[in-house]
Amino acid sequence: MSSFTLSLKLPPLLSLSPPPSAQLLYSNFSPFSLNTRILRATSRRFFSAVEVSSKTISTMETDKESIGSLKQQLAKLFEESLRAAFPDISDVPPLVAICNDPKNGDYQCNNAMSLWNKIKGKGTQFKGPQPVGKAIVENLPGSDMIENCSIAGPGFINIVLARQWIAKSVQKMLIDGIETWAPKLPVKRTVVDFSSPNIAKEMHVGHLRSTIIGDTLARMLEFSNVEVLRRNHVGDWGTQFGMLIEFLFEKFPNWEAGSTPAIGDLEAFYKASKQRFDSDPDFKERAQKAVVSLQGGEEKYRKAWAQICEISRKEFQKVYERLGVHLEEKGESFYNPYIPKALELLNEKGLIEESEGARVIFIEGKKIPLIVVKRDGGFNYASTDLTALWYRLNEEKADWMIYVTDIGQREHFEMFFSAAKRAGWLPSNENDYPKASHVGFGLVLGEDGKRFRTRSTEVVKLVDLLDEAKSRCKLALEERGKAKEWTAEELDQTAEAVGYGAVKYADLKNNRLTNYTFNFDQMLSDKGNTAVYLLYAHARICSIIRKSGRDIEELKKSGAMDLAHQDERMLGLHLLQFPEIVEEACTNLLPNLLCEYLYKLSEDFTKFYTNCQVVGSAEETSRLLLCEATAVVMRKCFHLLGITPVYKI
């Protein structure tokens with residue numbers, strides 16, 4: 001792949017072998033992009049703060065049964081306060097958010113203004129939003145979670161968390177395991193439909209985004225204790241198979257003798273059959289008849305179809321294994337027998353109409369209807385997708401169907417979701433369950449700003465891209481003399497982990513709605529927001545712990561964490577915010593939020609390590625525990641992003 005040839009320098013990397021303490025958990029600094037800020041934005045204004053003393057904010061131990069993110073735990077406290085302070089006003093959800101400016105506090109509650117708007121002019125004892133905010137604070141139940149609160153401007157309640165509580169919470173995670181920090185989501189079973197390559201076509205760079213975005217969403221949902229059905233909706237049915245089968249018969253007349261014919265390059269096989277189909281009328285006619293025979297269930301044609309699918313499936317699996325991605329295939333052919341029943345149900349609802357020889361569903365606001373049966377009586381994407389949705393709702397009992405495809409298919413999903421709502425299969429309210437969501441993503445671009453291709457204008461094959469990433473990392477490691485220090489297996493595994501991780505992270509850190517430019521130099525840099533930098537940071541933390549000579553497992557049991565220094569406290573607080581970031585990334589289906597969190601975590605650790613001596617200090621035990629907690633959260637972030645961590649510099 002000469003078009004990829006670039007010079008590359010990497011930091012002194014990295015061995016995969018984790019220390020014993022890390023093995024226990026291993027089994028398992030940039031501004032936000034504009035689109036992410038738009039999706040997440042909440043306007044807040046801060047005014048001069050008014051301190052509020054609160055007798056109710058005590059050092060009592062919090063309810064041990066409190067489970068959920070830091071934000072959820074605060075919301076629970078403020079929910080009780082709102083009920084106590086305003087018993088006559090029901091259904092007031094606590095509005096808790098991270099403070100925009102850390103100088104004001106860690107979190108804030110923003111209910112005072114909206115409550116004041118509800119009660120003013122109705123004989124209330126309150127004279128404005130500030131007294132409302134004060135009443136909320138005074139009715140907070142006792143908790144050792146909060147150090148103090150202050151009222152800012154028109155009733156914004158700024159919350160400072162207790163340093164001791166932050167330290168105890170982080171240390172408890174080290175003892176109990178990071179799985180105890182899993183967020184709680186309002187769904188039990190989710191279908192994530194992703195990757196979805198077409199049979200007889202090699203996976204290319206266009207499949208990269210669907211595959212790794214879908215895998216990360218699935219991993220985050222699984223971490224959140226949601227049962228995830230990872231579905232690979234491959235294109236394994238349709239008119240193109242008549243062409244492929246007939247070409248197979250022609251090129252390999254003895255194809256039935258072996259389990260799989262020696263087709264070789266399946267992509268070349270597909271192109272040759274397509275060329276023959278377009279140029280030879282006799283072949284075209286035979287191919288069209290082959291489709292009828294296949295759909296009619298003739299054994300010879302079904303067997304040929306199955307062999308072609310199997311060859312493709314094996315090639316796909318090689319890529320999935322390299323990416324560490326697990327899917328269960330349920331392709332278009334799986335749903336084919338269910339289509340007549342699904343269309344019958346839609347017809348009974350009066351949704352299907354005749355239009356110019358086809359059967360369609362008209363969608364409000366769309367000029368072109370959704371075609372569910374073509375003029376020739378054949379089915380299409382819409383009929384298959386509607387049937388798959390029905391199956392997932394009724395047979396698989398899923399709460400949430402998530403479809404990961406390029407943004408160019410947005411209108412198709414809008415239309416078929418609308419048809420499902422008209423049929424009563426999905427609720428009309430977007431926020432109610434069960435629901436269906438389209439996770440659209442932009443293009444992968446080359447340096448010229450156009451769709452990423454090779455110099456010969458061919459689409460870049462995904463396997464070639466992964467080979468290139470690995471080979472570049474391996475060369476850089478060899479140049480640094482690692483071939484003499486490590487075994488060949490260690491060298492190969494590390495090059496793979498860093499190379500594949502760099503490719504994944506370079507994609508996932510971008511808001512999925514935008515296009516991004518594929519650039520090996522940038523993604524393999526050891527500076528800035530890259531996987532290489534983050535893997536390097538993790539390896540550095542592991543090195544600090546090793547060099548201390550202390551048994552980290554013993555320290556977890558006998559040591560205590562204290563976050564007296566400002567940078568220690570900041571790092572501890574950021575660690576505690578991990579669950580709510582995962583929750584937000586799942587809810588909004590935005591993996592880049594997790595990448596932003598991970599990069600900020602590495603920045604906070606660097607600041608802490610720069611200003612706080614660890615090994616040899618009076619606070620060594622506490623700070624080693626903080627290092628270990630950071631490494632644990634980083635490893636979980638890597639796992640959720642599908643990246644293999646490295647442990648040695």
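This talk goes through the aromatic rings in the structure above, a predicted model.

The count comes to 22 aromatic pairs. I will take two of them in some detail.

Start with Phe-249 and Tyr-301. Their ring centres are 5.5 Å apart and their planes meet at 65°, and planes over 60 degrees apart count as edge-to-face, so this pair is edge-to-face. Where do the two residues sit in the chain? Phe-249 belongs to helix α8, residues 240-251, and Tyr-301 to helix α11, residues 299-323. With their positions 52 residues apart, the pair links distant parts of the chain. Phe-249 has a relative accessible area of 13%, so this residue is buried. Tyr-301, at 15% relative accessibility, also counts as buried.

The second pair is Phe-605 with Tyr-609. Here the rings are stacked, with 6.0 Å from centre to centre and 10° between the planes. Both residues are in helix α24, residues 592-611, and because they are four residues apart, about one helical turn separates them. Are these two residues buried or exposed? Phe-605 is buried, with a relative accessible area of 4%, while Tyr-609 is partly exposed at 28%.

Next, a cluster. Phe-334, Tyr-335, Tyr-338 and Tyr-391 together form one aromatic cluster.

Last, charges over rings. Back at Phe-249, the charged end of Lys-300 sits over the ring, 4.5 Å from the ring centre. Lys-300 aside, there is Lys-435, whose charged end sits over the ring of Trp-400 at 4.8 Å from the centre.

To recap Phe-249: this buried residue pairs edge-to-face with Tyr-301 and has the charged end of Lys-300 over its ring.

Technical notes:
Residues are numbered from 1 along each chain as its sequence is written. This is a predicted model: local features need pLDDT of at least 70, side-chain atom pairs count only at pLDDT 80 or more; totals for chains, interfaces and linings use all residues. Side-chain values use heavy atoms; hydrogens and water are left out. Rings of Phe, Tyr and Trp (its six-membered ring) pair if their centres lie within 6.5 Å; planes under 30 degrees apart count as stacked, over 60 as edge-to-face and the rest as tilted. Buried means under 20% relative accessible area, exposed over 50%, partly exposed in between (1.4 Å probe, protein chains only). A charge sits over a ring if NZ of Lys or CZ of Arg is within 6 Å of the ring centre and within 35 degrees of the ring normal.
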